[in-house]
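Welcome! Take a moment to turn the structure around and look at how its parts pack together, then read on for a short guided tour.

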Amino acid sequence: MKKSKKIILWFFILAAAILVVLNLAVGIFGKRIVIAQIEENLKMPASLGGISVSLPLSINISDLRIGDLARIKRLSLAPSLLGFLAGKIVLNRLVIVEPAVTIVQSAGGEFNLPQLATKGKQPPLLLAGLLIKNGIIRFIDKKIDPQGHEIILQNINVSISKVSFPPTSLFTRYSILADIVDPKGNRLGNLSGKGWIDFGPKDMDGNFQLQDVQATYFSPYCGDIFGNLLAQNGLLSAKLNFNADLKAKADVLKIACRLVLSDFVYNKVQAPQENEAASMIMPNILNVFMNKEGRVDLNFTTETKLSQPNFNILKMVSGAVKKNITETPPEKTMEKISNVVEQFKAIGKNLKDMWKNKSE
């Protein structure tokens, strides 16, 4: 009994000694190696506060900075020794705490994202678990606005985990939560998603939602159909909710979507004469798509491959608009459209009178 206790004691002493030696080696050489690898592969300057090793085998990095692109408060990764023996890079778990990423699109449409250098055939990287805590992503779009149209995702929390048993299974659960805000911190909505994917048979059952999004803030990205409507001077705000149910079987991914626009707020202040026509016509154009509850409620579906997803949201919305009109009783549609036509006639007369007065 005493002998077994001594063996256990010596085992812990040996493990502690190995850990101390590893930390000394990593502290001396690891920091320099990690920085060199990041700079070589991303072509960006990098720095980090510290690097250490803990048991069970885990590599911990603090205060990692990559140029102006990203800053991570803490990063912890747990590599699999069995994966290395099989010739693969396998991470049992990757934890990223408080990452802050800034993505900029230039006026010419170029992004500040690094171009990864290719160095021949690399061993495959397999990730068994990912956890992101309290992340933030800033997207600054100088193509839309030379001053930078900024969208911020904050309080980002992501969890991706593969089941442990059986070890060969590729069944993975995921969840994501984030708040959407503007540069002043005003809430613009939130996004969420959860479900599972099995990369073996290529099956999936999941959901993605955008909730209470201030639609007018995103009007530059809404295409010609809703973008022009939402950008009109007469509409101050509108609430957007979007839900997508994603179901896949044998690599066939079916996405059932619902988009709802509601809570329209119009400018009650008298607009200048040049903008008066637009503010008058705005409610009536939207009225063509509205239901009796005063909401634009569109349902649409698409089908693609889970392994190679390819779909166009704007095209689907356009199809849903056409479907909405064709499925509405003809007399109702004609009544709505005729109201809009009459408004256009009135606008035409007002514009004609306005130009006549200016010429006199």
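Let's start with M204: leaving out residues up to four places away in sequence, M204 touches Y174, W196, I197, L246, K247, A248, L253 and L306. Keep in mind that this is a predicted model.

M204 also belongs to the largest nonpolar core, which has 27 residues. Together with L240, F242, L253, L261 and F264, M204 is among the members that touch the most other members. Two or more residues of this core come from each of β9 (171-181), β10 (187-198), β11 (203-214), β12 (235-249), β13 (252-266) and β14 (296-305). The largest share, seven residues, is given by β12. There is also a second, separate core of 24 residues, including I35, L42, L48 and V158.

Now for the strand pairs. Here are two of them, both antiparallel:

| Strand pair | Bridges | One bridge pair |
|---|---|---|
| β7 and β8 | 10 bridges | I140 with E150 |
| β8 and β9 | nine bridges | N157 with L177 |

Strand β7 covers residues 129-141, and β8 covers residues 149-162.

A good last stop is D141, which is found in strand β7. Is D141 buried or exposed? D141 is buried, yet it has no salt bridge. The nearest side chain of opposite charge belongs to K143, 7.3 Å away. A salt bridge needs the charged atoms within 4 Å, so K143 does not form one with D141. What D141 does have is a side-chain polar atom 3.2 Å from the backbone nitrogen of I144. Not counting residues up to four places away in sequence, D141 touches Q105, G148, H149 and Y221.

Technical notes
Residues numbered from 1 in each chain as written. Predicted model: local features only at pLDDT ≥ 70, side-chain atom pairs only at ≥ 80, totals over all residues. Heavy atoms only, no water. Core = buried A, V, L, I, M, F, W, Y, C linked by side-chain atoms within 4.5 Å. Buried < 20%, exposed > 50% of the residue type's maximum accessible area, 1.4 Å probe, protein only. Helix = DSSP H or I, 4+ residues; strand = E, 2+ residues; numbered from the N terminus. Contact = heavy atoms within 4.5 Å. Pairing = 2+ DSSP bridges. Lys, Arg positive; Asp, Glu negative; His and termini not counted. Polar contact = N/O pair within 3.5 Å; in protein donor to acceptor, adjacent residues only side chain to side chain.
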